[in-house]
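Load the model in a viewer and keep a selection panel open. The stops below go from the whole chain to single residues.

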Amino acid sequence: MARFSNGSDHVRRRALAVDALTSIDADALQAKAFSRTRRIMAGLDVVDVMAEIARPVPVGVLAEALGLPDVSAEVALVAAAYHPHVTPDADAEAALGRLIAHCGGPTELAAARIGLLVQACDATAGLIGNGLFASLTGKPAEQPVLRTRRRIDGSDVTVPLDGRPFGAGPRECPGSRHAIALAAGVLEALRGFRLTETETTWISSPNLRMPAVLRVTRG
Ligand code: HEM
């Protein structure tokens, strides 16, 4: 995928990802994220937003816009294992195999589409979790991605984002508008809910900052 490629490979693979995003209307993503969230919330009294909404809803909506079935469970497994420094387990490998099959086989275009979903997964969940936490507590919203990892000359390199949540330059996130639209749709649907707990646990990661669990209930 573009993220861990360099030189002309990066340019070509990024262009495939950008092309796929260009055909997706951000306003439609927002509306679908809103209605999907409302549907999930309708049947439940207490919801862990991180597990039930913040990961599956944006990925499910984006997958639909890319012409794929709801592959959010597969994408969550791959997203936990796709960085070059992680050795994927058998579940992640199997999930990747299913994603490749849904995308018609192992091509660069398939990698670009899967890459979009994987890139969207944790980062957009962080945008939603941090946005919701901030709106419910009055605290400032934190940046979900603090540092990014790249692969340069065969080595993993960590690059600080220095306060730019979507990065900058030739690798700047091409999905920022889509991510903000998806998060806006979800957060709009969660208006009127409140936190059930005063203490929040945060995921343990040097690069990401977002709640591990965020339980809400009506009113
Ligand atoms: C719909 C949701 C999203 C999609 C489809 C998406 C897609 C992508 C893609 C394809 C790249 C690789 C670009 C390249 O290698 O040239 C990327 C990079 C990046 N994304 Fe996103 N992204 C999404 C959400 C987010 C969110 C919510 C954040 C953080 C708030 C974020 C932060 C970043 C950053 C910092 C990079 C740069 C990585 C680097 O410089 O190495 N993304 N994104």
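Start with everything selected and colour by accessibility: 41% of the 219 residues of the protein count as buried, where buried means under 20% relative accessible area, exposed over 50% and partly exposed in between, with a 1.4 Å probe and protein chains only. This is a predicted model, in which local features need pLDDT of at least 70 and side-chain atom pairs count only at pLDDT 80 or more, while totals for chains, interfaces and linings use all residues. Residues are numbered from 1 along each chain as its sequence is written, and side-chain values use heavy atoms, with hydrogens and water left out.

**Whole chain**

Keep the full selection and show the C-alpha trace, which spans about 50 × 35 × 35 Å along the principal axes. The radius of gyration is 17 Å, in agreement with the value near 17 Å for a compact globule of 219 residues; this quantity is taken over C-alpha atoms, and the globule rule is 2.2 Å times the number of residues to the power 0.38. Switch on the surface: the accessible area is about 10800 Å², and 54% of it belongs to carbon and sulfur atoms. That area comes from the Shrake-Rupley method with a 1.4 Å probe; for residues, only the protein chains shown count as cover.

Now switch to cartoon. The protein has 8 helices and 5 strands, in the sequence pattern α-α-β-α-α-α-α-α-β-β-α-β-β. Helices (H or I, at least four residues) and strands (E, at least two) are DSSP runs numbered from the N terminus. Of the contacts between residues at least 6 apart in sequence, 67% join residues at least 24 apart, a contact being heavy atoms within 4.5 Å.

**The three-stranded sheet**

Select 46–48, 193–195 and 215–218. These are β1 and β4, together with β5. They form an open sheet in the order β1-β5-β4 with antiparallel pairing; two strands pair if DSSP finds at least two bridges between them. β1 and β4 are the edge strands, each pairing on one side only. Neighbouring strands are turned by 35 degrees against each other on average, direction ignored.

Zoom in on β4 and β5, which share 3 bridges. Phe 193 has Arg 218 in β5 as its bridge partner. Then add 108–137, helix α7, which lies across β4 and β5 and runs at about 90 degrees to β4. Axes here are lines fitted to C-alpha atoms, for helices over the stretch in contact, and angles run from 0 to 180 degrees between N-to-C directions.

**After α7**

Select Lys 139, in the loop between α7 and β2. Lys 139 is partly exposed at 48% relative accessible area. Leaving aside residues up to four places away in sequence, Lys 139 touches Phe 133 and Ala 134.

**The hairpin**

Select 147–152, strand β2, which is joined to β3 by 6 antiparallel bridges. One bridge pairs Ile 152 with Ser 155 in β3. The two strands form a hairpin with 2 residues between them. Which residue in the turn has a positive phi? Asp 153, at about 50 degrees; its relative accessibility of 76% counts as exposed.

**The loop to α8**

Move to the loop between β3 and α8, where Asp 162 is found. Asp 162 also has a positive phi, near 50 degrees. Most residues other than glycine have a negative phi. Asp 162 counts as exposed, at 58%.

Finish at Cys 173, in the loop between β3 (155–160) and α8 (176–189). Its SG is the only protein donor of the iron atom of the ligand, at 2.4 Å. Donors are N, O and S atoms within 2.8 Å of the metal (3.2 Å for Na, K and Ca); water is not among the atoms, so sites may look incomplete.
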